[in-house]
Amino acid sequence: YIKSKHRGHWRKDLPLVLLLTGPSGTGKTLLARTLAQAILGRPAAELEAAGRFRTFHMNQFSILEDQKTFFGPPRGTAGGGRGDLPELLKEWPDAVVLLDEVEKAHPSFARALLKVFGEHGAAYDPSTGRDVSTAQATFILTSNVGKDLIAARAGAVRAGGLQAEAADEEGAEEADADGCAAYSRLREEVLAELARPHADPAAGVRDNFFRDSEVRGRLTDVVPFLPFTQEEVQAAVRKFLADEARALAEEPRFQHVALAWEADVVPMFASAYARRPE
């Protein structure tokens, strides 16, 4: 999908809508930034500064009235007004829009986004009384829906991948297919999880944002994120420390400063991540 979008082969009448879901701290937001760079061809920091890549933290839109901030006043409201989304898309029709923790938005947002995500998608602009096309935009949604299921299946999915890595040349293709099949089964289970009501008022859990089939039907793809293993976290810590050391070495202001660390620093940071991955 991303290659098609970047090369201009994606449909001209339909926005790209991706759902990245899984436990916290598994790189969903980082991938969204990377995808924005790949699609728009500029560094994420530059895109954010210009407003062409915009993050909406959807926990800030948790009540019904917040629709007026995000979309603007409803059609027909006297005096017009402005909405965050239509204003963004008027300036940047090809924007990459990250709706972070989308399930924390007020449930009414699910229905309101149907037109935005649909064929010939549009967002009503109350300041002009006209629709703004969303067809060139990319919407990336992050969520924790299905996180327990994903965590429970992670071992089996990884086992398929490890078999593919360990297989000899003759069996590599079959093992690789097994690994892909395990991930595909997980994806199907996550899709089933998205359809569940998840209504548990006693526990303070809202109805599932994706429970309506129309909402799920607007998603171009759903990508489950597996939790990191301890080895993967330690590798990430080493890379982070190495990148910081390199940045210091290349900065003239810190020419007399060098970053070094003892070996036990890496598992210490990895343990801190395990306690609070978010």
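**Entry 1: strand β1**

I started at leucine 18, whose bridge partner in β7 is aspartate 221. The model is a predicted one, and I read it as such. Next I looked up leucine 20; its bridge partner in β7 is valine 223. In total, β1 and β7 pair over 4 bridges, in the parallel sense.

Then I turned to the other partner of this strand. β1 and β6 are also parallel, with 6 bridges between them. Here leucine 19 stands opposite leucine 141 of β6.

How many residues of β1 are buried? I found 6 of 6, so I note the strand as mostly covered. I checked the two faces separately. Leu16, Leu18 and Leu20 are buried on one side. Val17, Leu19 and Thr21 are buried on the other. That split fits the usual pattern, in which side chains of a regular strand alternate between the two faces of the sheet.

**Entry 2: the sheet**

I traced the strand order next. The sheet is open and has 5 strands, in the order β2-β3-β6-β1-β7, with parallel pairing. Which strands stand at the edges? They are β2 (53-57) and β7 (221-224). Each has a single partner strand, so one side of each has no neighbour in the sheet. I also noted the twist, which averages 20 degrees from one strand to the next.

**Entry 3: helices on the sheet**

I looked for what packs on these strands. Helix α2 (residues 28-40) lies across β1, β2, β3 and β6. Its direction is at about 170 degrees to β3. Helix α6 packs on the sheet as well and touches β1, β3 and β6. With β6 its direction makes about 150 degrees.

I then checked burial in α6. Of its 10 residues, 7 are buried, so the helix is largely enclosed by the rest of the structure. The buried ones are Ser108, Phe109, Ala110, Leu113, Leu114, Val116 and Phe117.

For α5 the list reads Leu85, Pro86, Leu88 and Leu89. These buried residues cover an arc of only 160 degrees around the axis, which puts them on the same side of α5.

**Entry 4: nonpolar cores**

I went to the largest nonpolar core, which has 41 residues. Which members touch the most others? I listed Met58, Phe70, Leu99, Phe139, Leu141 and Phe210. Several elements give two or more residues to this core: β1 (16-21), α5 (84-91), β3 (96-100), α6 (108-117), β6 (138-143), α7 (147-166) and α8 (169-194). α6 gives the most, with 6 residues. Apart from this core lies another, of 17 residues. Among its members are Trp10, Leu35, Val96 and Ile140. As background, nonpolar side chains in soluble globular proteins tend to be buried together.

**Entry 5: phenylalanine 70 and its rings**

I singled out Phe70 from the core. Leaving out residues up to four places away in sequence, Phe70 touches Phe56, Met58, Phe61, Gly83, Asp84, Leu85, Pro86, Leu99, Phe109 and Leu113. Leu85 and Pro86 are on my list of buried residues of α5. Phe109 and Leu113 are on the one for α6.

How many aromatic pairs does the structure hold? I count 10. One is Phe56 with Phe61, edge-to-face, at 6.3 Å centre to centre and 65 degrees between the planes. Both Phe56 and Phe61 are buried.

I looked at Phe70 and Phe71 too. Their ring centres are 4.8 Å apart and their planes stand at 80 degrees, so this pair is edge-to-face. Phe70 and Phe71 are both buried. Ring pairs link Phe56, Phe61, Phe70, Phe71 and Phe109 into a cluster.

**Entry 6: threonine 69**

I closed with threonine 69, which is found in helix α4 (residues 66-70). Is Thr69 buried or partly exposed? Its relative accessibility is 40%, so Thr69 counts as partly exposed. The cut-offs I applied are under 20% for buried and over 50% for exposed.

Beyond its neighbours within four places in sequence, Thr69 contacts Phe61, Gly83 and Asp84. Phe61, Gly83 and Asp84 are also on my contact list for Phe70. Last, I looked up the separation of Thr69 and Leu85. They are 16 residues apart in sequence and 8.7 Å apart in space, C-alpha to C-alpha.

Note on methods
Residues are numbered from 1 along each chain as its sequence is written. This is a predicted model: local features need pLDDT of at least 70, side-chain atom pairs count only at pLDDT 80 or more; totals for chains, interfaces and linings use all residues. Side-chain values use heavy atoms; hydrogens and water are left out. A nonpolar core is a set of buried Ala, Val, Leu, Ile, Met, Phe, Trp, Tyr and Cys residues joined through side-chain atoms within 4.5 Å. Buried means under 20% relative accessible area, exposed over 50%, partly exposed in between (1.4 Å probe, protein chains only). Contact means heavy atoms within 4.5 Å. Two strands pair if DSSP finds at least two bridges between them. Axes are lines fitted to C-alpha atoms, for helices over the stretch in contact, and angles run from 0 to 180 degrees between N-to-C directions. The arc is that of the directions from the helix axis to the C-beta atoms. Rings of Phe, Tyr and Trp (its six-membered ring) pair if their centres lie within 6.5 Å; planes under 30 degrees apart count as stacked, over 60 as edge-to-face and the rest as tilted.
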